[in-house]
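Hi,

Here is the structure I promised to pass on. Have a look at it first, and then read my notes below.

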Amino acid sequence: MTTRPTPMTHEEAVDLAPLYVLDALDEADMAAVREHLATCPEPHAEFEELGGVVPYLLDDPATELVDPPAALGERIMAAAAADLAERTGPAAERTTPPPVASAPAPAPIPFPSADERTASAERTRGRTSPLEWAFRIAAVVVVAVLIGWNLLLTRQVSDLQQQANAAGQYRTAVTEVLDVAAQPGSQTALLAPQQPGGPRGIAAVASDGSVQFAMQDLAPTSGTQVYETWAILPGSNPVPLGSFQVDASGTASFTSKQGPTGPGMAVAVSREPQSGATAPTEVVSVGVTATPSS
Amino acid sequence: MTDRDAELSGRVASSTDDADRDVLARVSNGELDALQELYDRYRTMAYSIALRITADASLAEDVVQDAFLGAWRNAARYAEARGSVKTWLLSIVHHRAVDAVRRRRPTTELPEAEAPPPPALTLPDIWPEVAGNLDRAEIAAALARLSDVQREAIELAYFGGLTQVEIADRTGAPLGTVKSRVRLGLLALRDALTGEAVS
């Protein structure tokens, strides 16, 4: 919805009076005029003058008179009865004073106040039969079951949504790896978990020695915990390439700093208590690079 | 209309208003048979107005149901000084129909879910003495006195559910011209209706 930055002036409100009385302003202008009328102390004869005409448009003979379907009345009455039951309790207990034929037309009777409704409800409870109590208890049980079921469904939907989000993030990460892998002189590696169900992924080593990682099924990190990436040349010590943290999605897209490259190089991911590790503490996923076939 | 006719018409209208207020008082007291009575009295007008605005039978049914249930729940808010029960009820129908049309239109700004009462409900009816003395033919005669562009602007606004900007787009007229046409049209209608009532 568009909003007006400042309150409407009296002149602006009067200018919009013809459209306001016909309900032909957008919601922002309607609200601004309404607010002006509620707060402006000046008279608003224009509104009364023009607004007084509007009810007669309801009798415009150009409106073709059409009877509604019979079922509509039944639906309205059924909805009103349900509303009444909800408002006042069982309809059978509601008492309506009998009309007095000779009495003058009564003034509109307002709905009972909150206190009156509370008192009425307490009187009604005092007359509740055991059978009605049984129905009420059953209704409460049904409502509780429905609420529990709804919570369960909500949680399942939330889990599925989270899985879908993680899958989307991983797809994006893999696309970034493939972009690097498509460059001349790059190498790729499929990273396999060191434990069943552990993290896995794919990495591409660029010709400059930087590595693009796409990982999934990583346990989320907390505190200072990080995942460290490594380049391991045959016969050499692992070289740290940089670290990253992981949220609840368990996925990661990471571009490392430049490191060594060479035939048979492996890349690995380890879990570390903090960043700055010089040797891997717990390798969770590793793969050996290969040059993509052209 | 002769004085005698006007007097009789006024008596009939006044009697109808009294009866309507009686029914509405019972509606506010939660009497379902009173709601049925109110529905029987105004169902055709309510549905016809909703159908004219929405041009959709199913949507018009929803509008009428929504309006009568709104009246059922808010009957106690009716204030006699603001007009007849008929005007109050049919204004609710009109407002809900316009809301429904705008919600269906994807390019239109949606009204708030709990829309405030329409202007007709918040403004006093300034000619209570006129109210009962006009029939549909006289209203038709008053509308016929408007210029074509005035009548078009008012009809697009009131029965088309269009906002002033949409009317300007539809007619190709500047926004100021649209406001001017509606204003002058309503004033001309007022003069014509007052003249009819006096005559």
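Starting with the interface: 55 residues of chain A are in contact with 66 residues of chain B, where contact means C-beta atoms, placed from the backbone, within 7 Å. On the chain A side, the elements giving two or more residues are helix 1 (10-21), helix 2 (27-39), helix 3 (45-51), helix 4 (54-57) and helix 5 (70-88) of chain A. Helix 5 of chain A supplies the largest share, 11 residues. By class, that side of chain A has 35 nonpolar, 7 polar and 13 charged residues (Ala, Val, Leu, Ile, Met, Phe, Trp, Tyr, Cys and Pro count as nonpolar, Asp, Glu, Lys and Arg as charged, the others, Gly among them, as polar).

Before you go further, keep in mind that this is a predicted model: local features need pLDDT of at least 70, side-chain atom pairs count only at pLDDT 80 or more, and totals for chains, interfaces and linings use all residues. Residues are numbered from 1 along each chain as its sequence is written, while chains are lettered from A and ligands numbered from 1 in the order in which they are written. Helices (H or I, at least four residues) and strands (E, at least two) are DSSP runs, numbered from the N terminus.

Over in chain B, helix 2 (32-54) and helix 3 (57-74) pack at about 140°, with axes 9 Å apart. That angle makes the two helices of chain B oblique (neither under 35 degrees, nor over 145, nor 65 to 115). Among the residues making the contact are Leu35(B) and Tyr39(B) of helix 2 of chain B, and Phe68(B) and Trp72(B) of helix 3 of chain B. The contact residues divide into 14 nonpolar, 1 polar and no charged.

Back in chain A, strand 8 (282-290) pairs antiparallel with strand 1 (187-193) over 4 bridges and with strand 7 (266-272) over 6 bridges; pairing takes at least two DSSP bridges. Opposite strand 8 residues, Ala192(A) stands across from Val286(A), and Val269(A) across from Ser285(A).

One residue to click on is Ala252(A), in strand 6 (252-255) of chain A. Ala252(A) counts as buried because it has 23 C-beta neighbours inside 10 Å (the cut-off for buried is 20 or more other C-beta atoms within 10 Å). Not counting residues up to four places away in sequence, Ala252(A) touches Phe213(A), Met215(A), Leu218(A), Tyr227(A), Phe244(A) and Val246(A). The C-alpha atoms of Ala252(A) and Gln169(A) are separated by 7.9 Å, with their positions 83 residues apart along the chain.

Cheers

Methods: A residue is buried if 20 or more other C-beta atoms lie within 10 Å of its own, exposed if 12 or fewer, and partly exposed in between; C-beta atoms are placed from the backbone. Two residues are in contact if their C-beta atoms, placed from the backbone, lie within 7 Å. Axes are lines fitted to C-alpha atoms, for helices over the stretch in contact, and angles run from 0 to 180 degrees between N-to-C directions.
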